[in-house]
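Me: Before I rely on any label attached to this entry, I would like to hear the reasoning behind it.

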Amino acid sequence: MTRGAVYAAQRVDHPFFARVWPVAVNHEALSVRRLREENLAGLTGRVLEVGAGIGTNFDLYPDSVEQVIAIEPEPRLAARARAAAAAAPVPVQVIGATAEGFRCDELFDAVVCSLVLCSVDDPVGVLSDLMSFLPPGGQLRYLEHVASPGARGRLQRFADATVWPALLGNCHTHRDTERLIAEAGFEVQATRRERTLPLWSIRPVVSDLAIGRARRP
Ligand SMILES: C[S@@+](CC[C@H](N)C(=O)[O-])C[C@H]1O[C@@H](n2cnc3c(N)ncnc32)[C@H](O)[C@@H]1O
């Protein structure tokens, strides 16, 4: 069981996305899996994972993690995440909640976001909430697809203004997520960009990934 009371509310209902995402993520490129692993490397203690999907990260947590609280507001995805949690090498508890609705009266050692900050309506607001779950020095680990420049950027803006968010669980492709992380008050400590063409992507709309570590000042 988790330490500290956890209060959860809110769900999202994305039946089409809940059907396609498991297929897509189960066919993702090895290069993306390696980035997921890198995003979790060296974590210790209690971790909050936001928007866990079907729990793709769970078997990649290092043994040094004592407990993962994973929030996932889409009930069909949360059910699959619970199944993944049961097979994870570290204790994982999946809670049906949005990042906006999640409350917990104890702090975490780290917060993990992967491919999720594109899907929330108010990323700076969510990031500020997430910061409140960390002690000073606590880390945000992120692996996010981000806005591309030039022609790919124009394609992303077109996708975002048309059917992409409605079809794909409110995903926005042209988000300058690292600027938003800094705007929310995090200090970015390390970051780099990777150009991936995962099998599940509709090239080249979500091929630029940012992987990084930021801390609560
Ligand atoms: C593209 S999937 C990524 C899933 C997982 N993080 C991964 O890396 O495989 C985005 C996830 O964010 C979840 N999500 C959407 N809106 C959210 C919100 N407001 N709070 C928390 N999670 C949310 C979706 O239900 C979905 O599972």
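Reply: What follows is a set of questions about individual labels, each answered from the value and its cut-off, for a model that is predicted.

Me: Why is Q67 called buried?

Reply: Q67, whose place is in strand β3 (residues 65-71), has a relative accessibility of 10%, and because buried means under 20%, Q67 counts as buried.

Me: What makes the pair formed by the side chains of Q67 and R46 a polar contact?

Reply: The distance given for the contact between the side chain of Q67 and the side chain of R46 is 3.4 Å, and since a polar contact requires a pair of N or O atoms within 3.5 Å, that distance satisfies the cut-off.

Me: Why is D13 called partly exposed?

Reply: D13 is found in the loop between β1 (6-7) and α1 (15-25), and its relative accessibility is 46%; because buried means under 20% and exposed over 50%, with partly exposed in between, D13 counts as partly exposed. In space D13 lies 7.5 Å from P75, C-alpha to C-alpha, although the two are 62 residues apart in sequence.

Me: Why is L115 called buried, and what is said of its phi?

Reply: The relative accessible area of L115 is 13%, and because the label buried applies under 20%, L115 is buried. L115 belongs to the loop between β6 (110-114) and α4 (123-131), and its phi is positive, about 55 degrees, although L115 is not a glycine. A positive phi, near 70 degrees, is also found in N170, which is placed in the loop between α6 (164-167) and α7 (177-183).

Me: How do you know that E72, A99 and G53 have polar atoms within contact distance of the ligand?

Reply: An N or O atom in the side chain of E72 is 2.6 Å from an oxygen atom of the ligand, a polar backbone atom of A99 is 2.8 Å from a nitrogen atom of the ligand, and a backbone N or O atom of G53 is 3.4 Å from an oxygen atom of the ligand. The cut-off for such a pair is 3.5 Å, and each of these distances falls within it. Taken alone, the ligand exposes 590 Å², of which the protein buries 96%.

Me: What makes up the surroundings of the ligand?

Reply: The ligand is surrounded by 19 residues, the closest being R36, G51, E72, E100 and S114, and this shell divides into 9 nonpolar, 6 polar and 4 charged residues. The space that the ligand takes is the largest pocket.

Conventions
Residues are numbered from 1 along each chain as its sequence is written. This is a predicted model: local features need pLDDT of at least 70, side-chain atom pairs count only at pLDDT 80 or more; totals for chains, interfaces and linings use all residues. Side-chain values use heavy atoms; hydrogens and water are left out. A residue is near a molecule or strand if one of its heavy atoms lies within 4 Å of it. A polar contact is a pair of N or O atoms within 3.5 Å; within protein, one must be able to donate a hydrogen and the other to accept it, and residues adjacent in sequence count only if both atoms are side-chain atoms. Accessible areas come from the Shrake-Rupley method with a 1.4 Å probe; for residues, only the protein chains shown count as cover. On a 1 Å grid over the protein atoms alone, a cavity is a set of points where a 1.4 Å probe fits but cannot get out, and a pocket is an open set with protein on both sides within 12 Å along at least five of seven lines; lining residues have an atom within 4 Å of a point. A molecule sits in a cavity or pocket if more than half of its atoms lie within 2 Å of its grid points. Ala, Val, Leu, Ile, Met, Phe, Trp, Tyr, Cys and Pro count as nonpolar, Asp, Glu, Lys and Arg as charged, and the others, Gly among them, as polar. Helices (H or I, at least four residues) and strands (E, at least two) are DSSP runs, numbered from the N terminus. Buried means under 20% relative accessible area, exposed over 50%, partly exposed in between (1.4 Å probe, protein chains only).
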